[in-house]
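Please open the model in your viewer and keep the selection tool at hand. The tour begins with the whole chain and then moves to a single side chain and its surroundings.

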Amino acid sequence: MSRVEKLTVTGLRNLVDVAIDVSPRLNIFHGENGSGKTSLLEGIHLLSSGRSFRSAKLDPLITHGKDEAVIFSQLTDGLRIGLSKSRRRRHLLRLQDETQKNWESVARSLPLQIIDSTAFQLLEGGPKARRRFLDWGVFHVEHSFLSAWRDSRKCLANRNALLKAPRLDRSQLEAWDREFVAASIKVDAHRSAYLERFLPVFNEVYTQLEGSHLETLEIRYDRGWAEGSTLDAELQRMMDTDRRYGSTQLGPQRADLLLLLNRTPAADVLSRGQQKILVSALKIAQGRLLSENLGVDCLYLIDDLPSELDPENRARVFAALLSLNAQLFVTCVELEGLLLAKEGVLFSALAPSEIAQFHVEHGRITA
């Protein structure tokens, strides 16, 4: 069971040379808005996935006047992970002092979920956010998924290149179509199998948190091409359209996870608070499924939990998170905002030794 034990961050946004020992259970970072709390979570997210949850651009991540941001973590099982993001050079990712070509091994060593304002994109955003959510779970639980997903992306890139060419090479297109269809069927099968495992766990978590909409809530998987038809037949049917746009309109790259209430998008029906509960249930269920299937605990980053939630619902969400026995990194402006709804004490479910509190001010983090 791997958890963050030590964390150092330099050159990341407004943070000032962070070097902290953290709790394996609950870590609370409190301070004024703009003090650097979210930047710390961003650093952990970068280390785990190579991506920021705040910006797709590199320059804003690196402290003004510095050339690189460096994040290092030592895990409780002895693993060491280090990342350097540079303005001038390619990133450098190391696991146990070995340079990594991609994030596969690191992501499996440090599985991570985030609950923050961007999580609403699961309901309000386009299919890409929901595919990414789904594929995170499939990646961790169905280990042969990644190979099939990479094959489908390679075939898709070559197929699209042929579609854009002034003259279409139909023999090459047919060859790539066969490979694309074969890989896509595997991707779809893995996604479908994962969702079959996921839904009962989600229903249980959502019932604990909300429950009132469970009978009318539907999570529907759209695989990216018509049910009852083969992808090969659909590619042939869409050939003229694909040629006109220079890209493949159907396939697993178009898959979606529809969240509906009485056949209406949930984002159009639920209040902001109800949306946060639904999104939290989705993320918590993924962590539970990961633990139940692989015995691996997911790390959770929770940015501004009190936002959008009243005290009672806040307590329910946090009780569900604590029930995972996961490592939590939580930010808030004031500690009082994290008090449980009725007891009025700070997370009484945990022993004091399991809680680490940090104050963040002007980029400096103190215990």
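A residue is called buried here when its relative accessible area is under 20%. In this predicted model, buried residues make up 52% of the 367 residues of the protein.

Begin with the whole protein in cartoon view, where eleven helices and 15 strands can be traced. The radius of gyration is 22 Å, close to the 21 Å that the globule rule gives for 367 residues, so the protein is as compact as a globular protein of that length. If you turn the C-alpha trace along its principal axes, it spans about 65 × 55 × 35 Å. Among contacts with a separation of 6 or more, 70% join residues 24 or more positions apart.

Next, switch on the surface, of which the protein exposes about 17200 Å², with carbon and sulfur atoms supplying 48% of that area. Colouring by charge will bring up 48 positive and 47 negative side chains, and the centres of these two sets lie 7 Å apart.

Now select helix α6, residues 170–209, and within it pick out phenylalanine 180. Is this side chain's residue, phenylalanine 180, buried or exposed? Phenylalanine 180 has a relative accessible area of 1%, and because buried means under 20%, it counts as buried.

Then display the residues that phenylalanine 180 touches, leaving aside those up to four places away in sequence: Ser152, Cys155, Leu156, Arg159, Leu231, Leu235, Thr248, Leu250, Gly251, Pro252 and Gln253. As a last stop, select glutamate 227, which is 47 residues from phenylalanine 180 along the chain, with 18 Å separating their C-alpha atoms.

Notes
Residues numbered from 1 in each chain as written. Predicted model: local features only at pLDDT ≥ 70, side-chain atom pairs only at ≥ 80, totals over all residues. Heavy atoms only, no water. Helix = DSSP H or I, 4+ residues; strand = E, 2+ residues; numbered from the N terminus. Buried < 20%, exposed > 50% of the residue type's maximum accessible area, 1.4 Å probe, protein only. Contact = heavy atoms within 4.5 Å. Rg over C-alpha atoms; globule rule 2.2 N^0.38 Å. Areas by Shrake-Rupley, 256 points an atom, 1.4 Å probe, with all protein chains shown as cover. Lys, Arg positive; Asp, Glu negative; His and termini not counted. Charge placed at Lys NZ, Arg CZ, Asp CG, Glu CD.
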